[in-house]
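Biologist: Please take one part of this structure and go through it closely. I would like to know what each residue there is joined to and where it sits in the fold.

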Amino acid sequence: MNPNQVEILLVEDNPDDVELALHALRKENLANSIHVARDGEEAVEFLFCQGPYAGRSFEQPPKLVLLDLKLPKVDGMEVLKRLKADERTRTIPVVILTSSKEERDLLNGYGLGANSYIQKPVDFEQFRETIKTVGLYWLVINQIPVTNGLGHAASTNK
């Protein structure tokens with residue numbers, strides 16, 4: 001997979017949830033290119049083209065970030081905070097997908113700029129359906145501005 005053509009960045013450390021999400025997205029043909037970051041540090045490096053992702057370009061950011069909160073190394077709130085604080089990445093839609101039932105996580109997530117907050121369903125079929133619905137909305141239905149790779153909307157008029 002070419003890391004410059006990622007449609008979804010899935011930030012998840014639970015291997016079962018990774019497999020379920022990948023299966024649901026691929027079954028519905030919602031994303032050809034999905035990159036999985038298994039901790040917050042890897043997500044930050046991927047998003048900001050650092051470390052092993054230094055060869056990546058800001059020119060083609062992910063179309064969607066599915067972000068767990070409870071992550072090793074760097075937690076999901078910190079990933080969200082960094083992503084939304086940088087003008088190069090702030091327009092990337094972020095859906096928090098977490099098992100947390102904490103009201104403060106919900107409030108903090110939206111306060112930091114999350115576009116959506118979804119509690120992970122425990123049931124396999126409900127989880128699959130949730131991922132399908134999220135993918136359909138954010139990748140097919142939702143309209144996002146075309147950016148110039150620097151977080152600024154680029155004119156499509158010629």
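Modeller: What follows looks at Arg-128 and its salt bridges, and then at other parts of the chain, in a model that is predicted.

Arg-128 belongs to a network of salt bridges that links Glu-28, Glu-125, Arg-128, Glu-129 and Lys-132. In the whole structure there are 15 salt bridges. Two of the bridges made by Arg-128 can be described in detail, one to Glu-125 and one to Glu-28.

Start with the bridge inside the helix. The side chains of Glu-125 and Arg-128 meet with N and O 2.6 Å apart. Both residues are in helix 5, three residues from each other, so about one helical turn separates them. Glu-125 is partly exposed, because its relative accessibility is 38%, between the limits of 20% and 50%.

The other bridge leaves the helix. Here Arg-128 pairs with Glu-28, and the closest N and O atoms are 3.6 Å apart. Helix 5 covers residues 124-141, whereas Glu-28 is in the loop between helix 1 (15-27) and strand 2 (34-37), so this salt bridge ties together parts that lie 100 residues apart in sequence.

Is Arg-128 buried or exposed? Arg-128 has a relative accessible area of 10%, and since buried means under 20%, Arg-128 counts as buried. Its partner Glu-28, at 26% relative accessibility, is partly exposed.

For a salt bridge elsewhere, take Arg-104 and Glu-102. Their closest N and O atoms are 3.9 Å apart, which is still a salt bridge because the cut-off is 4 Å. Arg-104 is exposed, with a relative accessible area of 52%, while Glu-102 is partly exposed at 39%.

Arg-104 also leads to the strands on either side of its part of the chain. Strand 4 (residues 94-98) and strand 5 (residues 116-119) run parallel and are joined by four bridges. Within this pair, Thr-98 of strand 4 stands opposite Gln-119 of strand 5. Between the two strands the chain passes through helix 4 (residues 103-111), giving a β-α-β crossover that is right-handed.

To return to the part in question: Arg-128 is a buried residue that bridges to Glu-125 and to Glu-28, as a member of a network that also includes Glu-129 and Lys-132.

Terms used
Residues are numbered from 1 along each chain as its sequence is written. This is a predicted model: local features need pLDDT of at least 70, side-chain atom pairs count only at pLDDT 80 or more; totals for chains, interfaces and linings use all residues. Side-chain values use heavy atoms; hydrogens and water are left out. Buried means under 20% relative accessible area, exposed over 50%, partly exposed in between (1.4 Å probe, protein chains only). Two strands pair if DSSP finds at least two bridges between them. A crossover is right-handed if, with the strands pointing away from the viewer, the path from the first strand over the helix to the second runs clockwise.
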